[in-house]
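Hi,

Here is the structure I promised to pass on. Have a look at it first, and then read my notes below.

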Amino acid sequence: MDLFFYLVPGLILAVVLYGAYRVVRRSLQIRSAWNSGLTAQARCLRMFTTTHGGSGDTSVSTTLHHVYEFTARDGRVVRFEEEDGPATILEGDIVTVHYAEGRDVVATAKTPRRAKLAASTGGVLVFLGVAAVFCVGFMVTYHQMSNEFGFGEGTDDTGDTVVIDGVTMTP
């Protein structure tokens, strides 16, 4: 039974840490594309939406996606998909994209807004940090409570003999 109280918060913590990694990685990719100084004209090949939720009493959230294609400075044709772009960009429109060269070209059609990117990244990281602290706090508190009230392994933190319901237990 103890495994359950460590496994579930541990799994949640793993998902939270992976989410933080993805948020920081994407933020750094967008920043590198903006800072590279490279731009190109890209054509919007496709625009579509995805929806999540809506079953039962949950609300529906809709995400707008754009698929862009452009030719990089080295002649490679690059196609990428981006979420949460402006709804005013339609299929066939030409937009300016910022990109960073490398083995994998990183590109964005978002206009440079460094403060907004930093604020949104920071906000998500604070939220994920609170969730991580809650998970770790829950596991630590459970461990301390299990030792104090005897529903854990049967010894306290010092390794001394513990009496549970009149039964003496030694390590």
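Before anything else, a word on naming: helices (H or I, at least four residues) and strands (E, at least two) are DSSP runs, numbered from the N terminus. With that in mind, D84 is found in the loop between β3 and β4. Please also remember that this is a predicted model.

**The overall picture**

The protein has two helices and seven strands. Starting at the N terminus, their order is α-β-β-β-β-β-α-β-β. There are 171 residues, and 29% of them are buried. The accessible surface is about 11300 Å², with 60% of that belonging to carbon and sulfur atoms. If you look at contacts with a separation of 6 or more, 56% of them are between residues 24 or more positions apart.

**The helices**

Helix α1 covers residues 2-36. I checked its length: 35 residues at 1.5 Å a residue should span 51 Å, and the end C-alpha atoms are 51 Å apart, so the two agree. Its buried residues are D2, P9, L13, V16, A20, S27, Q29, I30, A33 and W34. Some of the spacing in that list will look familiar, because an α-helix has 3.6 residues a turn, so residues three or four places apart point the same way. As for what they pack against, the partners are β1 (38-53), β4 (94-100), β5 (106-108) and α2 (114-149). Just after α1 comes G37, which has a positive phi of about 80°.

In the other helix, α2, you will find G137. Is G137 buried or partly exposed? With a relative accessible area of 30%, G137 counts as partly exposed, since buried would require a value under 20%. G137 also gives a handy link between the helices: C-alpha to C-alpha, G137 and P9 are 9.6 Å apart in space, with their positions 128 residues apart in sequence.

**The strands**

β1 pairs with β2 (residues 60-71) in the antiparallel sense, over ten bridges. One of the matches is R46, whose bridge partner in β2 is V67. The hairpin of these two strands has six residues between them, and G54 in that hairpin takes a positive phi near 95°.

β2 then pairs with β3 (residues 77-83), again antiparallel, over seven bridges. Here F70 stands opposite V78 in β3. This hairpin has five residues between its strands, and G75 is the residue with a positive phi, near 95°.

D84 also has a positive phi, near 60°, and it is a residue other than glycine. D84 is exposed, with a relative accessible area of 52%.

T49 sits in strand β1. Its relative accessible area is 49%, so T49 is partly exposed, as exposed would need over 50%. Leaving aside neighbours within four places in sequence, T49 is in contact with T62, T63, L64 and H65. T49 and E83 are 34 residues apart in sequence, and their C-alpha atoms are 9.1 Å apart in space.

**The cores**

In soluble globular proteins, nonpolar side chains tend to be buried together. What does that look like here? The largest nonpolar core has 16 residues, and those touching the most other members are A42, Y68, F70, F80, V95, V97 and Y99. The elements giving two or more residues to this core are β1, β2, β3 and β4, and the largest share, four residues, comes from β1.

F70 deserves a second look. Not counting residues up to four places away in sequence, F70 touches A40, Q41, A42, R76, V77, V78, F80, V97, Y99, V105 and A107. Apart from the largest core lies another, of seven residues, among them V16, L128, C135 and M139.

**The cysteines**

How many disulfides are there? The count comes to zero, where a disulfide would need a pair of cysteine sulfur atoms within 2.5 Å. C44 is buried, with a relative accessible area of 2%. C135 is buried too, at 4%.

That is my tour; I hope it helps when you open the file.

Best wishes

Note on methods. Residues numbered from 1 in each chain as written. Predicted model: local features only at pLDDT ≥ 70, side-chain atom pairs only at ≥ 80, totals over all residues. Heavy atoms only, no water. Buried < 20%, exposed > 50% of the residue type's maximum accessible area, 1.4 Å probe, protein only. Contact = heavy atoms within 4.5 Å. Areas by Shrake-Rupley, 256 points an atom, 1.4 Å probe, with all protein chains shown as cover. Expected span 1.5 Å × (residues − 1). Pairing = 2+ DSSP bridges. Core = buried A, V, L, I, M, F, W, Y, C linked by side-chain atoms within 4.5 Å.
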